[in-house]
Amino acid sequence: MIKVSVIVPVYKVPLEYLRECFDSLLAQTTQECEFIIISDGAPDAECSVCEEYAARDPRFNFFRREHAGVSATRNYGIEQADGEYVAFLDSDDWLDSSALKEYYDKASQSNCDILCFNYYETSKKNNRLKKQTLKNMSPQVLLKRIISGEIFGGICSRIISKSFIDCHSLKFPQNIGYCEDVIFWVSSLLKSPKLQYLNKAFYHYNLDNDASISRYYTIDKYTERKKYIAALKELLPRNYEKEINTAAFLVKMEAKAHGLLTAKEFMNFEPSKTSTILKGDIPFITKIYMLVQTIILSLFNKTYKEYI
């Protein structure tokens, strides 16, 4: 019986990190698991490493595909998975050796659909614990906390029941290239899963990979983030309007911090509510400026463009 399937997309990752990732899978203390390694059009050198590990350990299953993006690759991995639970691992990250055993023991004992847990942000200089404390196990509360940025929405802090995925036909969205993992968890939480929390950390999120797409901010990334906000608006009912506004505010603040957003663009895209601005982690003088502009817009019912 396969207890946990681990899906690992591979595409343009430094070989030292790929080997570290695979070594952490080799070291897993449970044998009742499978590692679904998928080349998303990866270069030959990476594929050779994948084939090497597949020859060393029968838990490794290697698949080659044309480049289609991380969402399509994870969806393909889900189709191949035979485990009771599915975990996702990026090919530049790694797991502690007892991770899968601990995940499965907690998930199966509680018979949960989604198990949430802590993780580490790891670099050569530091190994910082990121707690995902869940005092309220309501799917609605967790969903709101993920959207508003209070809880990390990436793949490294949860596993999910394969039967729950199949029952609700859950997939990663292929039309956006950023925060696709958040959309996957949002879609999952909307189906009212049974949640459980494991107050331990085994996943190491690698901060040292300079080649990672998450390390650099470009105008293309901002465009993808806007698609993410549009996807949230399409998925969620109106009672999540406050959280969506907060998510849009965070997207705009990130773009502004990287010098890719003018004041005009900031005000025109998903105008931020006063409560969102006041709650935001920004300098006081910036809050005052933004509030003044918001008041002007509401008083005169004109677009910000007319004041520039």
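This report walks through the helices, two individual residues and the cavities of a single chain.

Keep in mind that the model is predicted. The chain runs to 308 residues, of which 51% count as buried. Its secondary structure comes to 12 helices and 9 strands. Take the contacts between residues at least 6 apart in sequence, and 76% of them join residues at least 24 apart.

**Two helices with a buried side**

Let's start with α1 and α2, whose spans are set out below.

| Helix | Residues in helix | Span, first to last C-alpha | Expected at 1.5 Å a residue |
|---|---|---|---|
| α1 | 12 residues | 16 Å | 16 Å |
| α2 | 13 residues | 18 Å | 18 Å |

So what is buried in α1? The list is Y17, L18, C21, F22, S24 and L25. These residues sit on the same side of α1, because the arc they cover around the axis is only 155°. As for partners, the buried residues of α1 pack against β1, β2, α2, β3, β5 (94-95) and β9 (195-206).

Now for α2, which takes in residues 44-56. Here the buried set is E46, C47, V49, C50 and Y53. Again the arc around the axis is only 155°, so they fall on the same side of α2. Flip to the other side of α2 and you find D44, A55 and R56 exposed. The cover over the buried residues of α2 includes β1 (4-10), α1 (15-26), β2 (33-40) and β3 (60-65). So α1 turns up in the cover of α2, and α2 is in turn among the elements that the buried residues of α1 pack against.

**Two charged residues up close**

Next, K162, which belongs to helix α6 (residues 162-168). Is K162 buried or exposed? With a relative accessible area of 12%, K162 is under the 20% cut-off, so K162 counts as buried. Setting aside neighbours within four places in sequence, K162 is in contact with I78, A81, G83, E84, Y85 and V86. There is also a long reach along the chain: K162 and S5 are 157 residues apart in sequence, yet their C-alpha atoms are separated by 8.9 Å.

E102 makes a handy companion case, sitting in helix α4 (residues 99-110). Its relative accessible area is 24%, which makes E102 partly exposed. Which residues is E102 in contact with, leaving aside neighbours within four places in sequence? They are L198, K200 and F202. One of these, K200, lies 98 residues from E102 along the chain, with 9.0 Å between the two C-alpha atoms.

**The cavities**

Finally, the empty space. Searching the whole structure turns up 2 cavities of 30 Å³ or more. The largest cavity holds about 50 Å³. It is lined by 13 residues, and the closest to its centre are A87, F88, Y103, F117 and Y203. Two elements, β4 (85-88) and β8 (158-161), each give two or more residues to that lining. What is the make-up of the lining by class? The tally is 11 nonpolar, 1 polar and 1 charged.

Note on methods: Residues numbered from 1 in each chain as written. Predicted model: local features only at pLDDT ≥ 70, side-chain atom pairs only at ≥ 80, totals over all residues. Heavy atoms only, no water. 1 Å grid on protein atoms, 1.4 Å probe; cavity = no way out; pocket = protein on both sides within 12 Å on 5 of 7 lines; lining within 4 Å. Points joined across faces, edges and corners; volume = space filled by probe spheres on them. Helix = DSSP H or I, 4+ residues; strand = E, 2+ residues; numbered from the N terminus. Nonpolar A, V, L, I, M, F, W, Y, C, P; charged D, E, K, R; others polar. Expected span 1.5 Å × (residues − 1). Buried < 20%, exposed > 50% of the residue type's maximum accessible area, 1.4 Å probe, protein only. Arc of directions from axis to C-beta. Contact = heavy atoms within 4.5 Å.
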